[in-house]
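Colleague: I've got a model open and I'm not sure how to read it. Could you walk me through it, feature by feature?

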Amino acid sequence: MANNTIPVLRFPEFTDQWNSDKLGSIATFSKGKGISKADIEVDGATECIRYGELYTVYSEVISEIVSKTNLDIEKLVLSDANDVIIPASGETKIDIATASCVLKAGVALSGDLNIIKSETDGVFLSYYLNNAKKNKIARLAQGISVVHLYSSQLSSLNVNIPSPDEQTKIAAFLIAIDKRIQILEKKKTELEQYKKGVIQKLFNRTVRFKKDDGSNFPDWTEKKLGEVCKKESSNLSANTLGDSIGEYKVYGATGYLQNVDFYNEKEPYISIVKDGAGVGRTLLCEEKTSVLGTLDIIRPKAENHLYFIFTILNRIHFVKYITGSTIPHIYFRDYSKEKVFMPCPIEQGKIANFIISVDKSIEKVGTQIDDSNVFKKGLLQKMFV
């Protein structure tokens, strides 16, 4: 029994068992008061949190408030710092089991929010409920089309709580991990915006690369897409893949599908979804892969650079070439008439290599985000009981 209240992973200075209790014994419960979407004002006088934002905006810790209202403050329910809030209604049981700690006092809390007040560190409690107790909270919820979670159900939840010092240390540690993830996510967004801005300037020709000797490249020339690239087709269907498993990738409308023991394309290529959902979506596919027949295979003509053609295709609004009402479809014979401006092959290569270098930086940060999230998930599985 004692081992059940000691986490697998903890800070070495703490050795005591965690205290087992009912949530209702260490906390009190109340409800927020209705704030509709129409009540949100950009220049509102009072910061507020609507229950739907717990699903879309906030995580375990709420320090910056995104919404405001001008409703009469006397008719609102305001937070105390350290309050933990959980939706009182939602679409699914697992989604409703979402806890957040409000660090600020005086924030208006909308209806359909359960408010939990306790002496327990609210940040610790929100991480704890969101992870160690998420499935159990989900099982407490009632309803099918609309799920409800009542304070009477939450009060019956069994919880294990460490000493205040250990609560604080765990909370600070997890906040630090989340801050690192947030910094990485911001960096990734900034790199993506930077890439978008540079591509815009390059294709507007307000920014140009120069030759290695410092002289200018020739002016870009206007061409039709069909003059700079060609289309090929695949006869491969999902039904022909079977259960084959190998080292080669197969791509479909949604991207990578599975690994098989054969490949059809010996060189890198671009694929474009030509019918169904996601029509017009482009994908850069590596060598020794295969692609389903629902996608066009695009290759550059002459000395044109594959990645530069890929960048051009990503800038085309394929919706104007869609035909068919039941199943949308695009045809190369139509979109090949798109007018594009092309630099000489050497400048194409410089542009492509620059964009590829930015893409690698974005991919590197994305990997760091994924690794940090995996690290955090592993910790959360071992730090709570």
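**Reading the fold**

Modeller: Sure. Start with burial: 42% of the 385 residues in the protein are buried. Keep in mind that this is a predicted model.

Colleague: How many helices and strands does the protein have?

Modeller: There are 11 helices and 21 strands.

Colleague: And what radius of gyration does the protein have, set against a compact globule of 385 residues?

Modeller: The protein comes out at 28 Å, whereas a compact globule of that many residues would be near 21 Å. Along the principal axes, the C-alpha trace spans about 75 × 55 × 50 Å. Now look at the contacts with a separation of 6 or more: 73% of them join residues 24 or more positions apart.

Colleague: Okay, helix pairs next. At what angle do helix 7 and helix 11 pack?

Modeller: The general idea is to compare directions from N to C, with anything over 145 degrees counting as roughly antiparallel. Helix 7 (residues 164-203) and helix 11 (residues 345-383) pack at about 165 degrees, their axes 10 Å apart. The two are therefore roughly antiparallel. Helix 7 passes helix 11 in a left-handed crossing. Sorted by class, their contact has 22 nonpolar, 5 polar and 9 charged residues.

Colleague: Which way does helix 4 run against helix 7, then: roughly parallel or roughly perpendicular?

Modeller: The axes of helix 4 (residues 122-131) and helix 7 cross at roughly 70 degrees and come within 8 Å. That makes helix 4 roughly perpendicular to helix 7. On the helix 4 side you'll find Val123, Phe124 and Tyr127, which meet Gln167, Ile170, Ala171, Leu174, Ile175 and Asp178 of helix 7. By class, this contact has 7 nonpolar, 1 polar and 1 charged residues.

Colleague: Is there a rule of thumb for picking out one face of a helix?

Modeller: An α-helix has 3.6 residues a turn, so residues three or four places apart point the same way.

Colleague: How many of the 9 residues of helix 9 are buried?

Modeller: 8 of the 9 in helix 9 (residues 306-314) are buried, so that helix is largely enclosed by the rest of the structure. The buried ones are Leu306, Tyr307, Phe308, Ile309, Phe310, Thr311, Ile312 and Leu313.

Colleague: What about a charged residue such as Glu60: buried or exposed?

Modeller: The cut-off for buried is under 20% relative accessible area. Glu60 has 8%, so it counts as buried. This residue lies in the loop between helix 2 (53-56) and strand 4 (61-62). Beyond its neighbours within four places in sequence, Glu60 contacts several residues, including Tyr127, Asp178 and Lys376. Tyr127 and Asp178 also turn up where helix 4 meets helix 7.

Colleague: And Gly24, where is that found?

Modeller: Gly24 is in helix 1 (residues 23-26). It's partly exposed, with a relative accessible area of 34%. Setting aside residues up to four places away in sequence, Gly24 touches Phe29 and Ser155. Gly24 and Val159 are 135 residues apart in sequence, but 9.7 Å apart in space, C-alpha to C-alpha.

Colleague: Last one, backbone angles. What is the phi of Asn82?

Modeller: Asn82 has a positive phi of about 95 degrees, although it isn't a glycine. You'll find Asn82 in the loop between strand 5 (67-69) and strand 6 (83-87), partly exposed at 25%. Asp112 also has a positive phi, near 65 degrees. Asp112 sits in the loop between strand 9 (108-109) and strand 10 (113-118), and at 31% relative accessibility counts as partly exposed.

How values were computed
Residues numbered from 1 in each chain as written. Predicted model: local features only at pLDDT ≥ 70, side-chain atom pairs only at ≥ 80, totals over all residues. Heavy atoms only, no water. Axes fitted to C-alpha atoms, helices over the stretch in contact; angles between N-to-C directions. Helix = DSSP H or I, 4+ residues; strand = E, 2+ residues; numbered from the N terminus. Parallel < 35°, antiparallel > 145°, perpendicular 65-115°, else oblique. Left-handed = near helix turned anticlockwise from the far one by under 90°. Nonpolar A, V, L, I, M, F, W, Y, C, P; charged D, E, K, R; others polar. Rg over C-alpha atoms; globule rule 2.2 N^0.38 Å. Buried < 20%, exposed > 50% of the residue type's maximum accessible area, 1.4 Å probe, protein only. Contact = heavy atoms within 4.5 Å.
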